[in-house]
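Visitor: Hi, I'm new to this one. Could you show me the structure and walk me through it?

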Amino acid sequence: MTQQIPTEPIGSIPRPDYLVAGLREFAEGEIGQRRLDQLRETALAETLERFEATGSPVVTDGEQAKPSFVTYPLAGLHALAADGAVIPFADGHTRRLPRLTAGPFAYQVYADEYLRAAREHTRRPVKQAVIAPSALSLLYPGTGIAGYSREDFLADLAYGSEAEIRRCLDAGAETVQLDFTEGRLSLKLDPSGELLHSFVELNNRVLDRFSPGERERIGVHSCPGGDLDSTHSLDVGYAALLPALFGLHAGKFYLALAGEPERREVLAEIARHRQDGQRVFVGVTDPTDPRVETAGEVCDRVLEAAEYLPVECLGTCDDCGFAPFADDASTSRDIAFGKIAARVRGTALAADALELASGQA
């Protein structure tokens with residue numbers, strides 16, 4: 001019997017043009033919430049239909065209803081200012097997080113509502129991406145908030161993050177994925193690693209509230225950021241990140257690899273630091289590259305990874321989401337689904353090749 005290699009998407013899919021336009025019209029007061037919800041529902045149904053057409057064994061909602069992969073829990077929270085932390089990308093553009101201005105902090109939206117909506121449209125296993133608490137910790141200003149200490153904020157944040165993950169598990173998520181793109185960025189902001197250590201400590205503060213069985217269904221995604229076909233920390237090597245990353249108490253790790261200039265060096269580091277019981281999903285398609293990889297190229301990348309990692313601990317994924325921010329139209333939906341189809345087919349080809357090689361050994 002062929003050794004199956006699991007393959008999963010990361011999260012976002014570019015929104016269709018009508019939804020991007022609808023989001024703009026809603027922001028400008030030209031349409032109301034009801035019309036926007038209708039557009040989102042249509043986009044969700046179309047996205048899941050196209051996901052299934054690729055043969056993907058696991059699907060996501062494509063984050064069609066999220067304003068962004070990081071700020072969705074804040075929708076409706078009023079104690080925010082626009083002048084928060086700035087994330088610079090290699091091509092010169094930036095994204096800016098909001099700044100919390102008062103406490104207490106509480107999630108306004110939990111991702112299980114996206115999960116439940118998706119499950120109405122598919123019988124495939126659905127994966128749910130959630131933002132890591134370490135990313136939301138950047139909302140708290142360095143100057144502090146009068147009457148609301150950072151420790152009180154982190155306690156509230158950990159409570160909300162735990163509740164969100166648990167709600168998604170209870171709602172039937174195949175996997176709950178913590179998006180931890182700030183891990184690599186933290187080493188750019190603080191080469192000493194102290195910021196990274198604090199991020200890992202906070203995330204484990206949440207992960208440790210789950211049983212070993214539950215943590216097998218929880219994964220962590222790390223990449224150098226992806227937005228408008230650019231990255232924020234590709235120039236930061238994996239070597240300094242991986243020892244801390246694999247110290248996270250999760251069962252699955254989704255690592256961007258297709259866009260790395262030295263994949264074999266990264267694979268050697270992954271093999272060195274991966275801990276027992278941790279499955280590594282290696283990125284085999286690059287959302288920042290407009291060219292659609294062939295199934296043969298994906299197969300070759302999987303076979304390359306199998307030289308370093310046990311097949312029973314190996315999986316494949318895309319490097320990153322295809323449109324983590326709702327207004328990112330740099331990649332078309334056709335290209336995104338073409339890459340997903342190549343990932344699915346190429347992973348199956350690699351599994352067959354590895355099975356054949358095993359039988360001939």
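**A guided chat**

Guide: Let's begin with Ser 186, which is buried, with a relative accessible area of 1%. Buried means under 20% relative accessible area, exposed means over 50%, and partly exposed lies in between, using a 1.4 Å probe and protein chains only. This is a predicted model, where local features need pLDDT of at least 70 and side-chain atom pairs count only at pLDDT 80 or more, while totals for chains, interfaces and linings use all residues. Residues are numbered from 1 along each chain as its sequence is written, and side-chain values use heavy atoms, with hydrogens and water left out.

Visitor: Okay, which helix does Ser 186 lie in?

Guide: Ser 186 is part of helix α6, residues 182-189. Helices (H or I, at least four residues) and strands (E, at least two) are DSSP runs, numbered from the N terminus.

Visitor: And what does Ser 186 touch?

Guide: Leaving aside residues up to four places away in sequence, Ser 186 touches Leu 195, Leu 196 and Phe 199. Contact here means heavy atoms within 4.5 Å.

Visitor: Switching topic: what order do the strands of the open sheet have?

Guide: The open sheet has seven strands in the order β1-β11-β10-β9-β8-β7-β6, with parallel pairing. Because β1 and β6 stand at the edges with a single partner strand each, one side of each is left without a neighbour in the sheet. Two strands pair if DSSP finds at least two bridges between them.

Visitor: Let's start from the β6 edge. How many bridges pair β6 with β7?

Guide: Four bridges, in the parallel sense, pair β6 with strand β7, residues 176-179. Gln 128, for example, has Val 176 in β7 as its bridge partner. In β6 itself, residues 128-131, Gln 128 and Val 130 point one way and Ala 129 and Ile 131 the other way, and all are buried.

Visitor: What comes after β7?

Guide: β7 runs parallel to strand β8, residues 218-222, and four bridges join them. Across that pairing, Gln 177 stands opposite Gly 219, and Asp 179 stands opposite His 221.

Visitor: Are the residues of β8 buried or exposed?

Guide: They are buried on both faces: Ile 218, Val 220 and Ser 222 on one side, Gly 219 and His 221 on the other. That makes five of its five residues.

Visitor: And what's the strand that follows β8?

Guide: That is β9, residues 252-255, which runs parallel to β8 and is joined to β8 by four bridges. Gly 219 appears again here, with Lys 252 in β9 as its bridge partner.

Visitor: Now the empty spaces. How many cavities of 30 Å³ or more does the structure hold?

Guide: It holds one, with a volume of about 260 Å³. Of the 27 residues that line the largest cavity, the closest to its centre are Phe 69, Val 70, Thr 181, His 232 and Phe 325. Our earlier acquaintances β6, β7 and α6 are the elements that give two or more residues to that lining.

Visitor: How is a cavity told from a pocket?

Guide: On a 1 Å grid over the protein atoms alone, a cavity is a set of points where a 1.4 Å probe fits but cannot get out, and a pocket is an open set with protein on both sides within 12 Å along at least five of seven lines; lining residues have an atom within 4 Å of a point. Grid points are joined across faces, edges and corners, and a volume is the space filled by probe spheres set on the points.

Visitor: Then how much space lies in the largest pocket?

Guide: About 390 Å³. It is lined by 17 residues, and the closest to its centre are Arg 40, Ala 65, Pro 67, Glu 113 and Tyr 114. α2 (33-53) and α3 (112-119) each supply at least two residues of this lining, and the largest share, five residues, comes from α2.

Visitor: What about the second largest pocket?

Guide: Its volume is about 210 Å³. Of the 14 residues that line the second largest pocket, Gln 4, Ile 5, Pro 6, Thr 7 and Pro 57 are the closest to its centre. α12 gives the most to this lining, with five residues.
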